[in-house]
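Trainee: I would like a close look at a single part of this protein. Could you take me through the sheet, and then through what lies around it?

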Amino acid sequence: MKIWTVVNQKGGVGKTTTTVSMAGSLSAQGYKVLLIDLDPHASLTYYLGYDAETLEKSVYDVFVSANDNIHPNASLHKTSLNNITLMPAHMALATLDKSFGSKPGKGLVIKKALDQLQGMFDVVIIDCPPVLGVLMVNGLVAADKIIIPTQTEHLAIRGLQRMLDTIRQLTGSLKASVMTLVVATLFDRRVNACIATYTGMRSEFNTSMWRGYIPVDTKFREASQKGVPINVLSPQSRGAFAYDKLTNELLKDAV
């Protein structure tokens with residue numbers, strides 16, 4: 001079971017869009033996908049048609065029952081999309097940093113839960129909050145691949161090196177190597193500032209950068225409104241093509 005974590009300490013860079021779009025690409029190829037929403041804002045959960053304020057079971061229950069031998073199956077929810085299952089967020093996730101602050105093993109809850117789900121899914125994609133805390137740490141520690149969507153504008157890349165340093169610190173003690181990949185998003189080839197930023201990213205973060213980019217595409221907004229991945233709404237769109245390329249390269253490690 002492959003575990004991919006989507007993370008960035010800046011919001012608005014396309015984390016949830018990346019999570020859903022990669023899931024759609026995997027689903028179309030027949031892979032069984034689990035999406036985990038670790039963000040208290042619950043954008044992924046709402047995207048897929050669930051209300052994070054009214055859910056009886058969510059990923060929050062995985063945290064609060066971590067020592068009670070309750071199987072994480074209870075927090076899984078079907079979606080209307082083929083081959084895609086959701087472990088949704090709940091607003092109460094925002095309290096975990098305070099309540100989990102001094103608990104031992106607080107960063108391993110999701111990793112241990114996924115160990116119990118081995119064999120049920122081919123790929124797990126974790127959507128992290130843009131804040132370094134218990135939730136982000138859980139997402140990073142569980143991952144065997146880390147994807148960092150980064151908007152191609154100057155301000156969006158200012159904290160990228162800090163994000164990469166954080167990942168190295170958190171994963172450096174793990175025995176298995178963790179691949180980290182920066183993905184340029186919201187790229188508009190008509191805008192000189194986007195081109196300059198993308199060129200600078202390729203130069204500064206060369207070894208960590210995906211060779212492609214995710215273009216600006218109005219179909220992303222339409223897909224979000226309909227609660228489906230872009231490849232379901234418009235499989236021939238530029239955005240769908242870009243995420244298919246990214247997903248396939250992640251599957252074969254040719255990035």
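Mentor: Happily; what follows starts with the sheet, moves on to some residues around it, and ends with the pocket. Please keep in mind that this is a predicted model.

Let us begin with the whole sheet. Seven strands make up an open sheet, and their order across it is β3-β4-β2-β5-β1-β6-β7, with mixed pairing. β3 and β7 stand at the edges with a single partner strand each, so one side of each has no neighbour in the sheet.

Now let us zoom in on β6, which covers residues 145-151. Is this strand covered or open? It is mostly covered, as seven of its seven residues are buried. Try following the side chains along it. In a regular strand, side chains alternate between the two faces of the sheet. In β6, Lys145, Ile147, Pro149 and Gln151 point one way, while Ile146, Ile148 and Thr150 point the other way, and all are buried. To be called buried, a residue must have a relative accessible area under 20%.

Next, look at the partners of β6. With β1 (residues 2-6), β6 pairs in the parallel sense over three bridges. One place to find this pairing is at threonine 5, whose bridge partner in β6 is isoleucine 146. With β7 (residues 179-185), the pairing of β6 is also parallel, and it runs over seven bridges. Here isoleucine 148 has valine 182 of β7 as its bridge partner, and isoleucine 147 stands opposite leucine 181 of β7. Although β7 is an edge strand, it is mostly covered, with six of its seven residues buried.

Elsewhere in the sheet, β2 and β4 run parallel and are joined by four bridges. You can find this pairing at leucine 35, whose bridge partner in β4 is leucine 86.

What touches the sheet from the helices? Threonine 18 is a good residue to pick, and its place is in helix α1. Leaving out residues up to four places away in sequence, threonine 18 touches Val6, Ile147, Pro149, Thr185 and Tyr243. Ile147 and Pro149 are two of the β6 residues that point one way from the strand. Threonine 18 counts as buried because its relative accessibility is 0%.

Another helix residue to visit is alanine 142, in α6 (residues 134-142). Beyond its neighbours within four places in sequence, alanine 142 is in contact with Ile3, Ile110, Lys111, Leu114 and Ile126. Alanine 142 is buried too, because its relative accessibility is 5%. From alanine 142 to aspartate 115 the C-alpha to C-alpha distance is 9.7 Å, and the two are 27 residues apart in sequence.

A third one is asparagine 231, which you will find in helix α11 (residues 230-233). The side chain of asparagine 231 reaches the backbone oxygen of glycine 24 at 3.0 Å. Not counting residues up to four places away in sequence, asparagine 231 touches Gly24, Ser25, Ala28 and Ala240. With a relative accessible area of 13%, asparagine 231 is buried.

Let us turn to two loop residues. Most residues other than glycine have a negative phi. Alanine 42, however, has a positive phi near 60°. This alanine 42 lies in the loop between β2 (33-37) and α2 (43-47), and it is buried, because its relative accessible area is 0%. Asparagine 83 also has a positive phi, near 70°, and lies in the loop between β3 (77-78) and β4 (84-87). Asparagine 83 counts as partly exposed because its relative accessibility is 32%.

Finally, let us visit the largest pocket, which has a volume of about 560 Å³. Of the 25 residues that line this pocket, Val13, Gly14, Thr17, Leu186 and Phe220 are the closest to its centre. The elements that give two or more residues to the lining are α1 (15-28), α2 and α10 (219-226). As for chemical class, the lining has 10 nonpolar, 10 polar and five charged residues. If you return to the picture now, one good starting point is α1, which holds threonine 18 and also gives residues to the pocket lining.

Terms used
Residues are numbered from 1 along each chain as its sequence is written. This is a predicted model: local features need pLDDT of at least 70, side-chain atom pairs count only at pLDDT 80 or more; totals for chains, interfaces and linings use all residues. Side-chain values use heavy atoms; hydrogens and water are left out. Buried means under 20% relative accessible area, exposed over 50%, partly exposed in between (1.4 Å probe, protein chains only). A polar contact is a pair of N or O atoms within 3.5 Å; within protein, one must be able to donate a hydrogen and the other to accept it, and residues adjacent in sequence count only if both atoms are side-chain atoms. Contact means heavy atoms within 4.5 Å. On a 1 Å grid over the protein atoms alone, a cavity is a set of points where a 1.4 Å probe fits but cannot get out, and a pocket is an open set with protein on both sides within 12 Å along at least five of seven lines; lining residues have an atom within 4 Å of a point. Grid points are joined across faces, edges and corners, and a volume is the space filled by probe spheres set on the points. Ala, Val, Leu, Ile, Met, Phe, Trp, Tyr, Cys and Pro count as nonpolar, Asp, Glu, Lys and Arg as charged, and the others, Gly among them, as polar. Two strands pair if DSSP finds at least two bridges between them.
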